[in-house]
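Biologist: Let us go through this structure together. I will ask, and you reason your way to an answer.

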Amino acid sequence: MRFLEGSPLPLPWLAPLVPRPGLMYGIALVILTLVFLRRAHRTGLDGQRALEVVLAAAVGALIGTRLFYLITTGDLLQIDVADWFKLYRGTASWGAYLGGILGCVLYTTTTKIDTWSYLETAVSVAPLGPFIARWSCFLRGDDFGRVSDVAWAVTFPAQSLPWQAHVASGQLPSTASASLPVHPFQLYLLVNGLVVFVVLTAIWRRYRERPGVTLGAFLLLYGASRFPWEFLRDPAAGGRGPDALFSVSQWMCLALVAAGTGFLIARTPARGLTAA
């Protein structure tokens with residue numbers, strides 16, 4: 001399947017319509033906020049406090065996404081502190097998850113409101129984030145998959161990130177009009193986020209009176225479900241290199257699985273989740 005072949009879009013004048021990451025992140029934040037506020041209202045949480053939790057989580061996510069990128073790339077100590085948060089390319093979604101959770105916890109503990117109720121209501125909608133934001137990755141060719149001959153493989157135009165990677169590795173001549181066919185890895189993560197959201201919503205609705213269960217389930221489900229998909233990410237886009245056991249994302253998935261399992265064991269009565 002050809003995608004964006006030969007120009008930024010099939011019709012060049014449509015190129016400005018390809019959403020930038022910042023726009024998609026903004027759309028994701030608005031949708032996540034609306035769903036969170038609705039769930040907070042239905043469960044009797046204070047609306048004003050809920051809005052403040054959103055702000056704290058958003059600030060934590062923005063800081064976390066940049067810091068995580070700088071740490072994993074080794075740039076944290078290589079650039080001036082004043083340049084850490086300049087608005088140029090370089091973010092990582094893992095930092096958004098961790099920073100958002102930390103921001104929520106810090107705010108609720110500081111204001112002495114029920115941390116678990118607000119945190120787990122927020123966590124229950126978190127998987128919608130990748131479902132929305134990964135559309136931008138797909139349309140722009142970011143976080144692309146490995147070269148593949150599957151029927152649903154996609155190609156990206158000249159000068160796109162996949163094209164640049166394939167030319168740099170010698171797989172394509174610089175005169176090629178499109179990249180090699182690759183796995184639509186962004187769509188895999190997009191669908192994965194939606195599935196986790198549906199499952200986690202059911203868990204939250206049933207077990208939200210048991211603090212820690214929804215958070216543990218989110219960490220376990222997201223980490224376990226994303227781990228195998230990461231084998232299909234191209235090394236040039238952050239996938240596992242030939243000499244590495246796992247990629248950074250896969251190590252993060254394993255950490256989430258371990259943390260989620262720990263939460264479920266620690267916060268669940270010995271008689272199990274199915275008990276009344």
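Biologist: Which residues form a nonpolar patch on the surface, and about how much accessible area do they have together?

Modeller: Keep in mind that this model is predicted. One member of the patch, L23, lies in helix α1. The patch is made up of L23, I27 and I31, and their accessible area together is about 240 Å².

Biologist: Which residues gather in a patch of positive charge on the surface?

Modeller: Arg counts as positive. One member is R42, found in helix α1, which covers residues 21-42. R42 counts as exposed because its relative accessibility is 58% and the cut-off is over 50%. The residues that gather there are R38, R42, R205 and R208.

Biologist: How many helices and strands does the protein have?

Modeller: Read along the sequence, the pattern is α-α-α-α-α-α-α-α-α. That pattern corresponds to 9 helices and 0 strands.

Biologist: What percentage of the residues is buried?

Modeller: Buried means under 20% relative accessible area. The protein has 276 residues, and the buried ones make up 45%.

Biologist: In the largest nonpolar core, which residues touch the most other members?

Modeller: A core of this kind is built from buried residues such as Val, Phe, Trp and Tyr. The largest one has 31 residues. Those that touch the most other members are F36, V53, W94 and Y118.

Biologist: Which helix gives the most to this core?

Modeller: Several helices each supply at least two residues, including α1, α2 (47-73), α3 (93-110) and α4 (115-125). Further along, α7 (185-207), α8 (213-229) and α9 (248-267) do so too. With 6 residues, the helix that gives the most is α8.

Biologist: Now to the charged pairs. How many salt bridges does the structure hold?

Modeller: A salt bridge needs a side-chain nitrogen of Lys or Arg within 4 Å of a carboxyl oxygen of Asp or Glu. R134 and D143 meet that limit at 2.7 Å, N to O. In the structure, the number of salt bridges is 5.

Biologist: Is R134 buried or exposed?

Modeller: Buried means under 20% relative accessible area. R134 has a relative accessibility of 5%, so R134 counts as buried.

Biologist: How many residues apart in sequence are the parts that R233 and D143 tie together?

Modeller: The side chains of R233 and D143 meet in a salt bridge at 3.1 Å, N to O. R233 lies in the loop between α8 and α9, and D143 in the loop between α5 (128-140) and α6 (161-168), so the pair ties together parts whose separation in sequence is 90 residues.

Biologist: Is R233 buried or exposed?

Modeller: The cut-off for buried is under 20%. R233 has a relative accessible area of 4%, so R233 is buried.

Biologist: What are the relative accessible areas of E230 and R226?

Modeller: The side chains of E230 and R226 meet in a salt bridge at 2.8 Å, N to O. Each is buried: E230 has 0%, and R226 has 1%.

Biologist: Which residues are linked in a network of salt bridges?

Modeller: D143 meets R134 in one bridge, and D143 meets R233 in another. E230 meets R226. The network links R134, D143, R226, E230 and R233.

Biologist: What is the phi of D143?

Modeller: Most residues other than glycine have a negative phi. D143 is not a glycine, yet its phi is positive. D143 is buried because its relative accessible area is 15%. The phi of D143 is about 50°.

Biologist: Is K112 buried or exposed?

Modeller: K112 lies in the loop between α3 and α4. K112 also has a positive phi, about 60°, although it is not a glycine. The cut-off for exposed is over 50%. At 75% relative accessibility, K112 counts as exposed.

Biologist: One last pair. What separates the C-alpha atoms of I71 and G95?

Modeller: I71 is placed in helix α2. I71 is exposed because its relative accessible area is 54%. I71 and G95 are 24 residues apart along the chain, and their C-alpha atoms are separated by 10.0 Å.

Methods: Residues numbered from 1 in each chain as written. Predicted model: local features only at pLDDT ≥ 70, side-chain atom pairs only at ≥ 80, totals over all residues. Heavy atoms only, no water. Patch = residues over 30% accessible without salt bridge, like charges linked within 9 Å, V, L, I, M, F, W, Y side chains within 5 Å. Areas by Shrake-Rupley, 256 points an atom, 1.4 Å probe, with all protein chains shown as cover. Charge placed at Lys NZ, Arg CZ, Asp CG, Glu CD. Helix = DSSP H or I, 4+ residues; strand = E, 2+ residues; numbered from the N terminus. Buried < 20%, exposed > 50% of the residue type's maximum accessible area, 1.4 Å probe, protein only. Core = buried A, V, L, I, M, F, W, Y, C linked by side-chain atoms within 4.5 Å.
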